[in-house]
Amino acid sequence: MINYVDIIFGLAWGDEGKGKISNAISKNYDIICRWNGGPNAGHTVYINDKKYKTHIIPCGVFQNKLSVIGPNCVINIDKFFDEIDYLKKEGFDTSLIKVSPRANIITEKHIQYDLKFLKPKLGTTGQGIAPCYADKALRVGKLAKDYLDKQYLWDGELYGNILCEGAQSFWLDLNYGDYPYVTSSETLPYSACSLGFSPKKIKDIIGVAKIYDTKSGVDPLFPESLWSNEDLNKIIDLGKEYGSTTGRKRIANWLRLNHLKRAVKISGTNKVIINKCDIIEEVNIYKLILDNDKDGPNFIQFNDFKSMKEYITNEIKEYCEGEVVFSGNRSNI
Ligand code: IMP
Ligand code: MG
């Protein structure tokens, strides 16, 4: 029987440091699940100061927990086995990694279509994500049950305390994101129920943001002109804002507070963690974007981080009953 479900997901455009946080708390759960996306995601975690990168496998494997990849995920078989081999070599128990028989398989055709038509226009990760979900919607998709060995398949009932890890984040959601500059899956907590539990089982929804915004891939909210902003480039360098899947430099912008508030409100987030605060302190510029009006973005600037934190907390508290935590890149929570 399921006791309760907690969900951790991103409130921005991805790359908020969800992996670090879900890894820090995953020892408190029985099962760790992924509900969306595929090899487009990149999770970076540190175990005993050693860096590990995964794309599709949930971080439960690092804590010796059952790690489930749900039916709304998409799998690249070669990459899946590369990841299994990598984790095995590093000494982790890969028999804990299970895939829903109903997850869809990414084929070479999906990747070629993405590289030819989508990546150049939208800056996708080129992993075949959209074509694979399109075939799923057309009901001609290939399912994991026909491609994976039995030992990797799991269609059991979830039990105990469950942590669901989101990939890609709020503004990349197919329904609520900045369409068409989105991914092709549902990234909000509502969609975690596709793993097979009742929404009534959800206890905590932990939303992770960053104290500044970044985007990998095309988006008019991140105009080209931002590349030449010296302060934002400092943030990119100090924050090591390079894609963990593509290696691409991410474009940075000041935090869009109203976007963050909307993400908290619609997702039902009851705990907000804002990461990488040490980066903004190092750059020593405390700036927010409120909204875009006709003449461009409206900024507020603070003299110090303390006043910026107070302002953000007050604004978010309107929608979030729990804590707002400000976290440093290198500090643990
Ligand atoms: P796709 O998911 O490869 O189709 O890419 C669609 C958009 O989502 C592009 O702007 C990507 O850069 C972005 N994206 C996809 N996955 C991630 C992720 O895990 N982190 C950050 N951005 C992502
Ligand atoms: Mg990531």
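Colleague: Which residues of helix 4 are called buried?

Modeller: I129, P131, C132, Y133 and D135. Buried means a relative accessible area under 20%, exposed means over 50%, and partly exposed is in between, with a 1.4 Å probe and protein chains only. Bear in mind that this is a predicted model, where local features need pLDDT of at least 70, side-chain atom pairs count only at pLDDT 80 or more, and totals for chains, interfaces and linings use all residues, while side-chain values use heavy atoms, with hydrogens and water left out. Residues are numbered from 1 along each chain as its sequence is written, with chains lettered from A and ligands numbered from 1 in the order in which they are written.

Colleague: What do the buried residues of helix 4 pack against?

Modeller: Strand 6 (74-75), strand 8 (104-105) and helix 3. Those labels are DSSP runs numbered from the N terminus: helices are H or I with at least four residues, strands are E with at least two. Just past the end of helix 4, R139 takes a positive phi of about 60°.

Colleague: Why are helix 3 and helix 4 called oblique to each other?

Modeller: Helix 3 (residues 108-122) and helix 4 (residues 129-138) pack at about 120°, with axes 7 Å apart. Axes are lines fitted to C-alpha atoms, for helices over the stretch in contact, and angles run from 0 to 180 degrees between N-to-C directions. Under 35 degrees is roughly parallel, over 145 roughly antiparallel, 65 to 115 roughly perpendicular, and the rest oblique. The pair is therefore oblique.

Colleague: Which residues of helix 3 and helix 4 meet?

Modeller: From helix 3 there are K109, H110, Y113, D114 and L118, and from helix 4 I129, A130, P131, C132 and D135. Contact here means heavy atoms within 4.5 Å. That set splits into six nonpolar, one polar and three charged. Ala, Val, Leu, Ile, Met, Phe, Trp, Tyr, Cys and Pro count as nonpolar, Asp, Glu, Lys and Arg as charged, and the others, Gly among them, as polar.

Colleague: Where do the axes of helix 6 and helix 8 stand?

Modeller: They come within 10 Å and cross at roughly 35°, helix 8 being residues 305-317. L257, L260, K261 and V264 of helix 6 touch Y311, I312, E315 and I316 of helix 8. The tally is six nonpolar, no polar and two charged.

Colleague: What makes G268 count as partly exposed?

Modeller: Its relative accessibility is 39%, which puts G268 between the two cut-offs, so partly exposed is the label. G268 sits in the loop between helix 6 (257-267) and strand 13.

Colleague: How do you know that helix 1 is mostly covered?

Modeller: Six of the eight residues in helix 1 (residues 18-25) are buried: K18, G19, I21, S22, N23 and I25. They pack against strand 1 (2-10), strand 3, strand 9 (160-165), strand 10 (202-210) and strand 13 (271-275). In strand 3 (residues 43-47) you'll find Y46, and setting aside neighbours within four places in sequence, Y46 touches N23 and K51.

Colleague: Why does the radius of gyration of the protein chain agree with a compact globule?

Modeller: The radius is taken over C-alpha atoms, and the globule rule is 2.2 Å times the number of residues to the power 0.38. For 333 residues that lands near 20 Å, and the chain has 19 Å, so the two agree. Buried residues make up 56% of the chain.
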